[in-house]
Amino acid sequence: MPANRSLAIVVRTVDVFETSLVATLFTRELGKVSALAKGGRRLKSPFQGGLDLLGVSDIVLLPKASEALDLLTEAAPLERFACLRRDLAALYAGYYIAELLTDLTDYHDPHPKLFDAARITLRHLGDASLRTRRVLRFELACLRELGHMPTLDRCAHCGEPVDVREAVAFGLATGGVLCPVCRPGQPHVVTLPARTIEAVRVLASPGSDWREIELAGSSLASIRQTVGAVISHVLGHRPRVWPLLGV
Ligand SMILES: [Zn+2]
């Protein structure tokens, strides 16, 4: 089979044998792949930093037939995010992005927009003032790109418009706001203030309004809990990195 070239973010590596490792890569063109990097642990590795966790590399992959692991033949480092080396909070946020890319996406299911969103988010995690918003935007980008974005103006159950100018019922399992008719009987329903729904809408939108919205401590906590609960529901468990993020 012909070799495949792609941009890749290294999201996980596991040591195997004496000198090799298996890298999980979220690639722009091929989606998530796992590949054997022979000699990847040698001091003079042929990959020369191209398999550093959370780095962006230009990779060449030799697909293997059937059950065998693909073979990584090249991984040239393209971009390293210096903020992840000097700022622990930024590093933990980076781990969270890697966890979402690893656990929310399927193998060989490309999502170039998600790749680009991850790269931009990693690049800017050093800015503490906007870090939480950037991580929220990335979580929402994952949900949108993978078909799990909650509805914010129409009932997730019947599709009727919902008045979100006041506190509104939100079904974590149903996938969005609920009208008063559908609310009874739905599992995992929370009541959210209108400003939380509006903030999620702005954070999920293109443009730069997300930088400007007022996010006081309590409303920010409410947004993080809500988006995090939707992510947990999709994953089937709480993200492992959460305790490190202080959510
Ligand atoms: Zn309804």
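How many of the residues of helix α5 (residues 194–203) are buried? The answer is in point 5; the rest of the note works towards that helix.

1. **Status of the model.** This is a predicted model. Please read every value below as computed from predicted coordinates.

2. **The barrel.** Five strands close into a barrel. Their order is β1-β2-β3-β5-β4, and the pairing is mixed. From one strand to the next, the twist averages 50 degrees. The mixed pairing can be followed at β5 (residues 70–79). Strand β3 (residues 31–37) runs parallel to β5, and two bridges join them. Leu 36 has Leu 71 of β5 as its bridge partner. Strand β4 (residues 56–62) runs antiparallel to β5, with seven bridges between them. Ile 59 is partnered by Ala 75 in β5. Val 60 stands opposite Glu 74, also in β5. As background, strands of a sheet pair through backbone hydrogen bonds, either parallel or antiparallel.

3. **Helices on the barrel.** Two helices are worth a look here. Helix α2 packs on the sheet and touches β1 (4–16), β2 (20–27) and β3. The direction of α2 makes about 100 degrees with that of β1. Helix α3 (residues 112–123) lies across β1, β2, β4 and β5. Its direction is at about 65 degrees to β1.

4. **The loop at Asp 52.** Asp 52 sits in the loop between β3 and β4. Is it buried or exposed? Neither label fits: at 38% relative accessibility, Asp 52 counts as partly exposed. Setting aside neighbours within four places in sequence, Asp 52 is in contact with Val 10 and Arg 80. Asp 52 and Arg 80 are 28 residues apart along the chain. Their C-alpha atoms are separated by 8.6 Å.

5. **Helix α5.** Back to the opening question. Seven of the 10 residues of α5 are buried, so the helix is mostly covered. They are Ala 194, Thr 196, Ile 197, Ala 199, Val 200, Val 202 and Leu 203. What do these residues pack against? Their partners are α4, β6, β7, β8 and α6 (217–235). The helix lies across β6, β7 and β8 and runs at about 95 degrees to β8. In general, an α-helix has 3.6 residues a turn, so residues three or four places apart point the same way.

6. **The sheet under α5.** Three strands form an open sheet in the order β7-β6-β8, with antiparallel pairing. β7 and β8 are the edge strands, and each pairs on one side only. Neighbouring strands are turned by 45 degrees against each other on average, direction ignored. Four bridges join β6 to β8, which run antiparallel. One residue pair to check is Phe 170 with its bridge partner Val 190 in β8.

7. **The zinc site.** Which residues coordinate the zinc ion? Cys 155, Cys 158, Cys 179 and Cys 182 do, each through SG, at 2.3 Å. The four donor atoms subtend angles of 103 to 114 degrees around the zinc ion, which makes the arrangement tetrahedral. For reference, the ideal angle for four tetrahedral donors is 109.5 degrees. Along the chain, the donors of the zinc ion follow the spacing C-x2-C-x20-C-x2-C. Cys 158 lies in the loop between α4 (128–145) and β6 (168–171), and Cys 182 in the loop between β7 (176–178) and β8 (189–192), so this pair ties together parts that are 24 residues apart in sequence. The two cysteines differ in cover. Cys 158 is partly exposed, with a relative accessible area of 39%. Cys 182 counts as buried, at 10% relative accessibility.

8. **Contact between α2 and α6.** Helix α2 (residues 88–104) also meets α6, the axes coming within 11 Å. The two cross at roughly 35 degrees, and the crossing is left-handed. From α2, the contact is made by Tyr 96, Leu 100, Asp 103 and Leu 104. From α6, Ile 231, Val 234 and Leu 235 take part. Recall that α2 packs on the barrel strands β1, β2 and β3, while the buried residues of α5 pack against α6, among other elements.

Technical notes:
Residues are numbered from 1 along each chain as its sequence is written. This is a predicted model: local features need pLDDT of at least 70, side-chain atom pairs count only at pLDDT 80 or more; totals for chains, interfaces and linings use all residues. Side-chain values use heavy atoms; hydrogens and water are left out. Donors are N, O and S atoms within 2.8 Å of the metal (3.2 Å for Na, K and Ca); water is not among the atoms, so sites may look incomplete. Four donors count as tetrahedral if all angles lie between 85 and 135 degrees; four count as square planar and six as octahedral if opposite donors are over 155 degrees apart and all others between 65 and 115; anything else is irregular. Buried means under 20% relative accessible area, exposed over 50%, partly exposed in between (1.4 Å probe, protein chains only). Two strands pair if DSSP finds at least two bridges between them. Contact means heavy atoms within 4.5 Å. Axes are lines fitted to C-alpha atoms, for helices over the stretch in contact, and angles run from 0 to 180 degrees between N-to-C directions. A crossing is left-handed if the near helix is turned anticlockwise from the far one by less than a right angle, and right-handed if clockwise.
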